[in-house]
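Trainee: I'd love a close look at one part of this protein, the place where the ligand sits. Could you walk me through it?

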Amino acid sequence: MTSTRTLAGTASACPVHHGYEPFDQDDPFPSYAALRAQEPVMFDERIGYWVVSRYDDIKAVFEDWETFSSENAQAPVRERGPQARQIMEEGGFTAYSGLSARVPPEHTRIRKVAAKAFTPRRFKVLEPEIRANVVRLIEAMLARPERRGDLVRDLAHDLPTITILTLIGADVDKIGTFKRWSDSRSAMTWGDLSDDEQVPHARNLVDYWAECRRLVAEAHETAPDSLVGDMVRMQAEGDPISDHEIASVCYSLLFAGHETTTTLISNALRVLLSHPEQWQCVVEDTGRIPAAVDEVLRYSPSIVGWRRRALRDTEIGGVAIPKGADILLLMGSANRDESRFEHGEAFDISRPNAREHLSFGFGIHYCLGNMLAKLQTRIALEEVARLAPGLRLADHADIHFGHNLSFRAPAAVPVTWED
Amino acid sequence: MPKVTYTDHTGESRIVEANVGDSVMETAVRSGVPGIVAECGGSLSCATCHVYVDEAGLASLPPRAEMEDEMLWGTAEDRRDNSRLSCQLRVTDGCDLRVTTPATQV
Ligand code: HEM
Ligand code: FES
């Protein structure tokens with residue numbers, strides 16, 4: 001690679017975009033820093049989005065939902081090809097969004113029902129079961145004679161998936177199927193696929209949506225003690241929500257409810273193990289885990305960028321934004337903005353204000369599952385610290401992240417340990 | 001002007017002048033009162049704006065709505081009878097509310 005000089009004199013692959021490559025997730029942070037310094041509101045013609053990188057600007061956009069709508073949050077970044085479109089039409093795929101891309105007053109109405117079904121009491125009772133699952137998964141990994149594991153495959157993949165399937169009342173034996181559908185949703189919406197590459201994913205989305213509708217139909221028959229059962233009961237008692245909307249909330253939770261938590265658990269262990277002295281602090285005092293989880297969310301968020309659309313002519317950070325403009329908010333960059341976080345590029349579990357990260361968004365769409373995500377990650381870290389305090393990253397672990405606009409997920413976290 | 005007194009778990013108090021219509025959470029965040037985190041910005045999704053309201057004030061407040069009550073089961077420090085989520089409490093004309101913040105919100 002030849003290095004080119006940019007305004008600040010730093011080397012980067014593309015001087016026009018300050019090194020920012022929308023789908024590259026291996027190490028986007030130097031380009032975020034360059035964007036913040038040189039062009040904090042940049043139109044990126046390669047994707048057709050205004051890319052916003054400073055903390056205050058991003059928070060202001062999240063807060064002003066009347067000007068900045070989330071209606072584009074689930075739109076495919078790359079337009080669907082003709083074959084994929086045909087498969088989805090013929091397969092009766094009519095889902096778009098459960099909540100994140102809905103706007104008030106519809107969003108307010110549906111979120112109320114979803115929130116009532118998804119209460120702390122609903123998921124806190126699962127704590128012992130979550131802990132037992134962590135112990136089972138870790139012990140299975142540690143039993144391997146070759147003393148090598150992959151924390152994504154061996155722990156983070158299954159744990160939150162079992163939890164959300166249990167809450168929804170879906171089949172816990174089908175983790176693999178639900179994960180495959182989620183991967184397809186991620187690739188089809190935020191990926192950079194050719195028309196041909198989209199075909200198998202389109203088929204998966206048809207099956208995924210059919211399962212969501214089946215779960216609602218089944219809940220009408222069997223009145224299960226589950227999230228879907230609760231929403232169907234609320235509907236019967238007069239809460240205004242249709243079957244299609246309940247199925248859409250399932251479509252939402254069966255993706256959002258595990259995908260990003262798998263990433264958070266993977267990142268928490270990846271980042272802590274790559275800072276052995278801080279991992280040691282956590283092992284010696286597990287009371288520091290909640291703060292460590294917040295710092296991981298800040299430093300290495302599962303979602304690095306989220307979308308909005310301007311509903312009128314407006315401005316962001318002094319830059320004029322036309323009505324209809326699509327906007328990409330880089331929370332991964334906001335979280336390292338020096339104006340908010342001192343030494344923002346450093347990982348430090350004793351940072352006093354890590355919680356001010358924007359990794360769960362902000363405002364009316366603030367992540368519904370934030371408490372469940374943190375609960376599971378805390379339990380995972382507590383049990384790994386107890387059962388495998390001597391865990392370390394495998395030598396030469398060269399960790400890569402999938403190609404995606406929004407989701408920054410490590411493909412594997414290879415680890416090893418002594419007997 | 002209406003005011004809100006925030007006392008932290010060590011007993012230290014701050015009196016803040018408040019605007020009618022703002023929430024008790026917003027009033028705290030705007031004046032940098034420690035002890036109220038309010039991660040979700042008031043969308044009733046984080047339970048990090050938990051406060052204990054003093055007896056006199058409690059009677060003057062509208063009762064908890066169903067979702068506020070549910071979210072109070074998710075607080076870091078256990079709920080008590082006088083627990084409220086401060087993002088749900090509106091400052092009214094002439095109010096003089098006293099609240100205590102828990103030792104931790106997370
Ligand atoms: C580390 C884990 C997670 C991260 C980083 C994360 C991140 C996010 C973000 C960035 C948003 C958009 C917020 C906005 O537009 O302002 C969001 C929304 C949402 N999340 Fe999460 N999430 C996580 C886990 C979960 C879990 C476990 C669930 C459910 C069980 C969940 C359910 C939702 C839902 C339903 C929404 C849409 C809310 C709305 O539009 O009203 N998330 N999340
Ligand atoms: S600010 Fe999040 S619940 Fe009150």
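What volume does the largest cavity have?

Mentor: Happy to! Keep in mind that this is a predicted model. The largest cavity has a volume of about 730 Å³, and it is one of 4 cavities of 30 Å³ or more. Its lining is made up of 37 residues, with A:Ala256, A:Ile303, A:Cys367, A:Leu368 and A:Gly369 nearest the centre. Two or more lining residues come from each of H4, H12, H13, E7 and helix H17 (370-387) of chain A. H12(A) gives the most, with 4 residues. Sorted by class, the lining holds 21 nonpolar, 13 polar and 3 charged residues.

Now for the occupant: ligand 1 sits in this largest cavity. Around ligand 1 there are 29 residues, and the closest are A:His107, A:Arg111, A:Arg308, A:His365 and A:Cys367. A:Cys367 also belongs to the group nearest the cavity centre. In chain A, helix H4 (106-117), helix H12 (243-256), helix H13 (259-273) and strand E7 (306-310) each supply at least two residues of the ligand's shell. That shell divides into 16 nonpolar, 11 polar and 2 charged residues.

For the polar contacts, look at the oxygen atoms of ligand 1. A backbone N or O atom of A:Phe362 lies 3.3 Å from one such oxygen atom, while a polar backbone atom of A:Leu99 is 3.4 Å from an oxygen atom of the ligand. From A:Trp306 it is a polar side-chain atom that takes part, 3.5 Å from a ligand oxygen atom.

Note on methods
Residues numbered from 1 in each chain as written. Chains lettered and ligands numbered in written order. Predicted model: local features only at pLDDT ≥ 70, side-chain atom pairs only at ≥ 80, totals over all residues. Heavy atoms only, no water. Near = heavy atom within 4 Å. Polar contact = N/O pair within 3.5 Å; in protein donor to acceptor, adjacent residues only side chain to side chain. 1 Å grid on protein atoms, 1.4 Å probe; cavity = no way out; pocket = protein on both sides within 12 Å on 5 of 7 lines; lining within 4 Å. Sits in = over half its atoms within 2 Å of the grid points. Nonpolar A, V, L, I, M, F, W, Y, C, P; charged D, E, K, R; others polar. Points joined across faces, edges and corners; volume = space filled by probe spheres on them.
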